[in-house]
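Work through the exercises below with the sequence and the 3D view open. Try each task before you read its solution.

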Amino acid sequence: MADDDSFEPHLGRQRSQGVKRPRRYLGRVLAATNLARSGGVGIRPASGSFTGSRIGRGAGVGRLLASRGGHATASRRRVIVKASVVKLAGKGASAAAAHLRYLQRDGITRDGTRGELYGRDADAVDGKAFGERGAGDRHQFRFIVSPEDGDQYEDLKPLTRRLMAHMEEDLGTKLDWVAVDHFNTGHPHTHIVVRGKDDRGADLILARDYMTTGIRERATELVDLDLGPRTSREIEQSLRAEIEQERLTSIDRALLKGADVDRVVASHARDGFDQTLRAGRLAKLSRLGLAESLGAGRFRLAPDLAETLRRLGERGDIIRTMQREFSRATIQRAPVDQAIYDPAAPDARPLVGRVLARGLADEHADRHYLIVDGTDGRSHYVAMGRGAETDMSLPQDAIVRIEPIRPEVREVDRTIARVAAANGGRYDVDFHLRHDPTATEAFAETHVRRLEAMRRMSGIVEREPSGRWIIAPDHLDQVETYEALRLRDRPVAISMLSAQPLDRLVEADAATWLDRELVSGTPEPVRDAGFGHDLRDAQARRRQWLVVQGFAEETGSGTAFPNGMIAALQRRELLRVAGQLSEELQMPFREAAEGGRIDGVYRRSVDLISGRFALIERSRDFTLVPWRSVLEKQIGKSVSGLMRGDGISWSVGRGRSGPAIS
């Protein structure tokens, strides 16, 4: 400029980054709304990053409460809160109803009776009515609130109601919730189920910070108010108790954190109490073979210290679970007759036995377990995986067969890899049909379904907008990873051998599991103890019944069973049940012929002692044929199948042209 009073303006480009544009009116309204809900409190994420932490109710309160976590002290009461969001689409609604029923099961109260749901204003709430209110909800929230000192509460209901009142204030809406208290473990805890709707009927979205930290901080505040901060004596007692524990403890974490690159730590510490803790714990680890003394108070920690201690802790939890179930069932089992079934072991064999108990090993992750009294005379703890991946109908005293599932690359995966290798790393149905002219479109579609399942679960394959799949050169290695991930959710395959208890099979006028074992060329090995002893006794009495009924005969060398015995017994039960169904349906029954075609509408399954059958309704009659799991998605639909000696091959749709589903 020539002087201070003259200037020459230069217009910049529109939307220049140097000019701050005024915020739109709608933007100002949304910002004010967020501030009113405490959405503007906390640290703003870095420019260009998106964490999702501001989405949902309670975002600001959640960040504010999360900031307190860094100032936590040892005197604060600890509360564990596990939170999950459960989608209710598809089978989610029925699974949610089953979850509520399971939460109210027997044996969860202080006196071992059945649990009961409660709510904001009532100590008894109708779970069915709660489920009906949420029938159309997109999702629901599930929380497990477990105060470390929960055993000091006579009743957890007041604490839960105050916590839910605080949550309603933080979220700015009334919540529709039910809860039930569990006292069946060493740590009393509360299960809370919240509908995924706010008080205006809109979808309830909770901010991530509030879910992960905010609820826990609110619960901790309440417990601190009720019980007061932990005293120095309580803290010392808690730490001393960790010295001899066979699990990963806070002392172990401190040792691992302070170890050098060679995993060497010293027992000395800043004060006498800490040194006592470290020295005592290192001595315990040495006895477990997890630490090596180097002299002068120095120890080398085992490289797998943390993982080994976690496994030891899990084993201890399993043993306590088995003892609790045995005492509940008034069963005596020596420690030598208690085992943990490991399907991953190289020598793992199928296990056949009687279901003693079923429960949740991890209620938050929905991981179930079975305790099975095996034919080998031992009681086995079996990790079943996630409830959604397992059969929920396993009644107590049912007889089951459990087999390990091995991760393996299937032939369908090898075919996908071959087709993709010949087409520049891409796969689709057209490529498949050109690669193999003998393949059908329906067969190729099964490969697409395999890829879609892998994409949804693990994302190891990618689909282009055109519908073609991108197949990596190491696709088969990725399949192995995918199968290993699936094993965590379903490590074993469970098949029902008999839904009826053993004593009801002895005189059953049907083809039973006992009969199949008697005629089998490779019967299950039996030890004369526990279930094995009961099985031998039942088999002896069943032989006598079969002889009396004319299905078998005594010979000089034992009992002879004719070839058609199983089929004759099964047909007797089938005709008897069919007569009852004929009166119910007001339709005649027609027996399916070997090699004949079955066309009709699948109505439902029918459970017999001989096995599960499918009820197929036709225009003038109905029939019963062997059931297969693929039929459950076809209830009320037309199906077509061909009877074979080992079962039936089904097709979906009218007539004979439907795609095969078996």
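**Exercise 1. A network of charges**

Task: Start with R76 and find which residues are linked with R76 in a network of salt bridges.

Solution. Keep in mind that this is a predicted model. Step 1: select the charged side chains around R76. Step 2: follow the salt bridges from one residue to the next. The network links R76, R216, E217 and D224. Step 3: set this network against the whole structure, where a search finds 51 salt bridges.

**Exercise 2. Salt bridges between distant parts of the chain**

Task: For the pairs D123 and R161, K284 and E246, and D428 and R468, find how far apart the closest N and O atoms are. Then place each residue and decide whether it is buried or partly exposed.

Solution.

Step 1: take D123 and R161. Their closest N and O atoms are 2.7 Å apart. D123 sits in the loop between helix 3 (92-103) and helix 4 (127-133), while R161 belongs to helix 5, and 38 residues separate the two along the chain. The relative accessible area of D123 is 47%, so D123 is partly exposed. R161 has 23% relative accessibility, so R161 is also partly exposed.

Step 2: take K284 and E246. Here the closest N and O atoms are 3.3 Å apart. K284 is in helix 9 (residues 272-287), and E246 is in the loop between helix 7 (232-242) and helix 8 (250-258). The two are 38 residues apart. Buried means under 20% relative accessible area. K284 has 10% relative accessibility, so K284 counts as buried. E246 has 40%, so E246 counts as partly exposed.

Step 3: take D428 and R468. The closest N and O atoms are 3.2 Å apart. D428 lies in the loop between strand 13 (426-427) and helix 12 (429-435). R468 lies in the loop between strand 14 (462-463) and strand 15 (469-470), and the pair is 40 residues apart. D428 is buried because its relative accessible area is 12%. R468 is partly exposed because its value is 34%.

**Exercise 3. The largest nonpolar core**

Task: Which of the 31 residues in the largest nonpolar core touch the most other members? Which element gives the largest share of this core?

Solution. Step 1: recall a general trend. In soluble globular proteins, nonpolar side chains tend to be buried together. Step 2: look for the best-connected members. They are F143, M167, L175, W177, I192, V194 and Y210. Step 3: list the elements that give two or more residues to this core. Among them are helix 2 (59-68), strand 1 (79-87), strand 2 (139-147) and helix 6 (208-227). Helix 6 gives the largest share, six residues. Step 4: zoom in on F143. Leaving aside neighbours within four places in sequence, its contacts include K82, A83, M167, I192, V194 and I215.

**Exercise 4. A cavity and a pocket**

Task: Which residues line the largest cavity, and which are the closest to the centre of the second largest pocket?

Solution. Step 1: the largest cavity holds about 50 Å³ of space. Its lining is V145, L156, L159, T160, L163, T190 and A219. Step 2: sort that lining by class. Five residues are nonpolar, two are polar and none is charged. Helix 5 (residues 157-171) gives the largest share, three residues.

Step 3: turn to the second largest pocket, with a volume of about 430 Å³. It is lined by 20 residues, and R349, P350, L351, D376 and H380 are the closest to its centre. Step 4: sort this lining too. It has 10 nonpolar, two polar and eight charged residues. Strand 8 (338-340) and strand 9 (351-362) each supply at least two of them.

**Exercise 5. Positive phi angles**

Task: Where do R263 and Q586 lie, and is each exposed or partly exposed?

Solution. Step 1: recall the rule. Most residues other than glycine have a negative phi. Step 2: check R263. Its phi is positive, about 65 degrees. R263 lies in the loop between helix 8 and strand 5 (264-266). Its relative accessible area is 32%, so R263 is partly exposed. Step 3: check Q586. Its phi is near 60 degrees, again positive. Q586 is in the loop between helix 18 (565-585) and strand 19 (597-608). Its relative accessible area is 68%, so Q586 is exposed.

Technical notes. Residues are numbered from 1 along each chain as its sequence is written. This is a predicted model: local features need pLDDT of at least 70, side-chain atom pairs count only at pLDDT 80 or more; totals for chains, interfaces and linings use all residues. Side-chain values use heavy atoms; hydrogens and water are left out. On a 1 Å grid over the protein atoms alone, a cavity is a set of points where a 1.4 Å probe fits but cannot get out, and a pocket is an open set with protein on both sides within 12 Å along at least five of seven lines; lining residues have an atom within 4 Å of a point. Grid points are joined across faces, edges and corners, and a volume is the space filled by probe spheres set on the points. Helices (H or I, at least four residues) and strands (E, at least two) are DSSP runs, numbered from the N terminus. Ala, Val, Leu, Ile, Met, Phe, Trp, Tyr, Cys and Pro count as nonpolar, Asp, Glu, Lys and Arg as charged, and the others, Gly among them, as polar. A nonpolar core is a set of buried Ala, Val, Leu, Ile, Met, Phe, Trp, Tyr and Cys residues joined through side-chain atoms within 4.5 Å. Buried means under 20% relative accessible area, exposed over 50%, partly exposed in between (1.4 Å probe, protein chains only). Contact means heavy atoms within 4.5 Å. A salt bridge is a side-chain nitrogen of Lys or Arg within 4 Å of a carboxyl oxygen of Asp or Glu.
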